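Please look over the model below before reading the comments. They deal with packing and with the contact between chains.

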Amino acid sequence: MKTFNLPDLGEGLPDAEINEWHIKEGDIVEADQLLVSMETAKAVVEVPAPRSGKVVKFYGKTGDIIKTHMPLIEFEDDDGSQAMEAHHEGKTAATTAATPMAISSNAVFLLPDLGEGLPDAEINEWHVKEGDEIEADQPLASMETAKAVVEVPSPHSGKIAKLYGKAGDVIITGSPLVEFVVTGGAPVAEDAGTVVGNIEVSNEVLRESATGIKPMKVSGNKIKAVPAARILAKKSGIDLSTVTGSGPHGSISVDDVKKHLGQGGAAVNIPVASPVATRPSIPGAEPLRGVRRTMAIMMSQSHREVVPVTILDDADIYAWPKGTDITLRIIRAVVFACKEEPALNAWYDGAANARKLFDEVNLGLAVDSKEGLFVPVINDVANLDAKEIRATVNRFKTQVQDRTIPQEELRGNTITLSNFGVFAGRYANPIIVPPSVAILGCGRLREEVVPEKGKPAIHRVMPLSITFDHRAATGGEATRFLAAVITDLQKEN
Amino acid sequence: MPEITLVEAVTQALAYEMGADNNVVVFGEDIALNGGVFRATDGLHAKFGDDRVFDTPLAENLIAGITVGMAAQGLKPVAEFQFMGFIYPGFNQIVCHAARMRNRTRGRLSCPAVFRAPYGGGIRAPEHHSESTEALFAHIPGLRVVIPSSPARAYGLLLAAIRDPDPVMFLEPKRIYRHVKQDVPDNGEALPLDTAFVLREGNDITLVTWGAMIKETLAVADQLTNEGLSVEVIDVATVKPLDMDTILQSIAKTGRCVIIQEAVKTCSVGSEIAANIAEKGLFDLHAPVKRVTGFDTTMPYFKLEYDYIPSEARIKQAVMETLEY
């Protein structure tokens with residue numbers, strides 16, 4: 001028997017209804033003779049016979065709905081069929097003996113239309129055999145159509161259960177070509193819609209907010225210059241930050257660069273920061289990557305932009321009871337000082353000369369690691385209790401060491417704390433990373449001889465170093481801030 | 001909460017808004033009984049019935065025409081064009097009537113319509129099913145052109161499009177209809193129709209794209225991040241009106257920009273973005289703006305379509321050239 005399956009009568013139509021049979025079972029039909037009119041969602045379509053022969057069975061009566069690629073009629077198996085010879089130049093049509101139920105759309109790969117409306121194709125050569133494990137897109141067979149020899153790729157990976165035909169056989173478009181073994185929970189493609197073509201389907205889950213992320217506003221790179229001025233500066237080896245711009249918003253024109261050159265400002269040889277590392281001039285030097293590279297860029301930016309002033313002092317922590325959590329006390333002191341003197345809990349945009357003060361304290365904590373410097377941020381630290389802060393600090397330490405800290409927790413600090421004294425060092429000049437305007441450093445605790453009621457006494461003191469950006473804050477504000485830090489640190493509890 | 005695909009997010013948004021607003025009606029070719037060729041309207045007919053979800057004849061001029069009429073008289077029609085390549089018979093209705101309704105009637109009538117169409121290539125379909133002609137519509141005053149690139153944005157932007165009092169072209173990148181899934185709460189929350197979305201934050205270069213090209217662009221951005229670079233990726237999302245503020249702010253920071261689009265190069269949305277950058281961001285540029293686009297030719301048949309659609313390799317090369325400039 002040769003089964004004729006209902007072809008797709010439109011563009012991805014799932015089924016069609018039998019409107020009227022033009023023949024009856026037992027009739028002998030000619031190729032292209034109209035068999036049946038079928039009603040689709042779009043129109044009534046006449047379905048012609050794919051070949052000549054005797055029709056022995058209808059798979060439905062008027063009003064029945066036939067699914068696309070399911071059997072419509074069956075021809076008598078006429079043993080090589082003379083009619084087919086006329087149609088297919090002597091080549092035998094392959095048996096498409098799939099019973100309707102055997103055609104599970106996931107297991108059986110039907111011959112697609114290899115051109116535009118080609119009725120069939122002849123198997124030229126199989127590239128695979130039954131039992132083979134194959135990959136998606138691996139060529140299954142080369143098929144000869146009326147137009148050309150076409151390689152037919154596999155629609156998915158899997159093991160081949162059956163090949164429907166041998167070299168020289170003709171397969172009708174839409175009839176089974178290859179059957180795959182469906183293993184237990186084999187990945188069964190979801191319904192991708194009745195569609196023209198193929199849509200990529202995956203179960204990958206996107207973890208991303210609908211609105212994306214809000215990038216931090218950075219004061220910018222920065223230096224405004226017309227492109228021609230940049231090129232000239234680059235060619236002349238001039239660092240544009242040393243050129244005074246005379247254009248709108250302080251932008252640098254070609255004339256500005258030329259004037260600078262005339263002043264003998266040429267060839268200072270500071271390469272303009274290019275994100276792609278220029279070839280290192282030190283033989284064998286490895287370009288920095290990742291966090292360490294970011295640190296280098298940020299520090300250079302800070303050095304170019306910020307006007308830093310560092311103030312040093314000590315806090316007398318003699319009154320502290322034994323076992324006081326040093327880090328928590330320092331954090332508490334910073335929060336207290338931010339309330340007393342808000343000017344240092346701020347961001348500054350140097351390009352616009354604009355300053356923003358914050359109500360909440362988002363405290364950046366400088367954490368050292370082999371990879372480089374990390375500054376995770378405790379958001380709104382003023383509203384966390386001591387336990388929560390300790391837990392966060394501990395978590396940051398672990399996450400920094402095993403590189404699992406989420407990107408979101410590494411930005412948005414309004415003020416920064418560097419507790420470098422764990423290792424060594426009394427005072428420092430900590431570096432501010434724009435847009436924030438202050439960083440407090442705590443050095444190594446030490447015993448110090450201090451006057452107590454007119455006599456020398458030995459107290460434990462904590463050395464403090466605060467750097468502030470003098471563009472954004474005054475010396476008065478900074479010293480009041482530091483005084484508040486000390487006041488809070490010197491309390492017993 | 002089950003994670004859903006972009007096309008399911010479209011269905012979810014339609015169902016939500018039809019439940020919330022009886023004036024919303026949905027129609028198009030094969031969208032009711034069949035649920036749409038891509039299943040975007042699956043289940044809506046069963047839920048809301050013949051009056052609100054119905055199949056139209058194969059006549060795009062008619063689809064666009066009745067949309068304009070319904071919208072002008074108080075309904076909120078959401079019309080589907082089966083493929084963007086079939087939209088041109090309705091072009092006259094959209095351009096000459098929908099887009100101008102408010103202006104022509106001096107504000108007495110508006111046209112709160114949504115014209116939905118799957119667009120773009122990459123699904124092995126014939127060429128007139130695969131083109132990206134968003135620029136044709138972005139060029140027309142009075143039309144918004146919206147292109148989502150994730151399930152969550154498809155949901156939020158489609159709700160906003162239906163609620164907007166003026167006509168919106170809602171173009172769905174069919175190549176990524178089912179490419180990823182995402183948790184999309186069915187809470188009726190719309191997204192703004194004039195805002196670009198920053199998907200990756202970085203300092204070295206800005207990649208600007210929209211629609212299905214988000215896929216390759218993010219892949220390249222992630223590769224480069226692994227190589228130590230810091231890449232910002234912006235999903236334009238609303239091709240009209242363009243949120244140039246977000247793009248210019250990013251370029252003020254990075255100084256470098258590559259625009260990636262599937263559409264042909266000439267007179268495209270990418271051209272418009274590049275022109276805006278030249279007008280308003282010139283002093284911030286450290287390198288010329290590059291465009292990675294489809295070619296100025298008819299979309300090829302599927303054997304060649306991935307030679308046409310910008311590949312990760314083409315994007316990466318453009319990014320490296322821009323960085324090394």
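The points below cover the basis of the model, its nonpolar cores and the interface.

1. This is a predicted model, in which local features need pLDDT of at least 70, side-chain atom pairs count only at pLDDT 80 or more, and totals for chains, interfaces and linings use all residues. Residues are numbered from 1 along each chain as its sequence is written, while chains are lettered from A and ligands numbered from 1 in the order in which they are written.

2. The largest nonpolar core (buried Ala, Val, Leu, Ile, Met, Phe, Trp, Tyr and Cys joined through C-beta atoms within 7 Å; buried means 20 or more other C-beta atoms within 10 Å of a residue's own, these atoms being placed from the backbone) has 110 residues. B:Val146, B:Leu158 and B:Ala161 have the most contacts inside it. Helix H7 of chain B (residues 151–163; helices are DSSP runs of at least four residues, strands of at least two, numbered from the N terminus) contributes the most, nine residues.

3. Beyond four places in sequence, B:Ala161 is in contact (C-beta atoms, placed from the backbone, within 7 Å) with B:Val114, B:Val146, B:Val168, B:Phe170 and B:Leu193. Apart from the largest core lies another, of 42 residues, including A:Val306 and A:Ile378.

4. At the interface, 48 residues of chain B are in contact with 41 residues of chain A. H7(B) gives the most to the side of chain B that touches chain A, with four residues.

5. Strand E17 of chain A (205–206) pairs with E8(B) in the parallel sense over two bridges; pairing requires at least two DSSP bridges. In E8(B), B:Lys181 is the bridge partner of A:Val205.

How values were computed: Buried ≥ 20, exposed ≤ 12 C-beta atoms within 10 Å, placed from the backbone. Contact = placed C-beta atoms within 7 Å.
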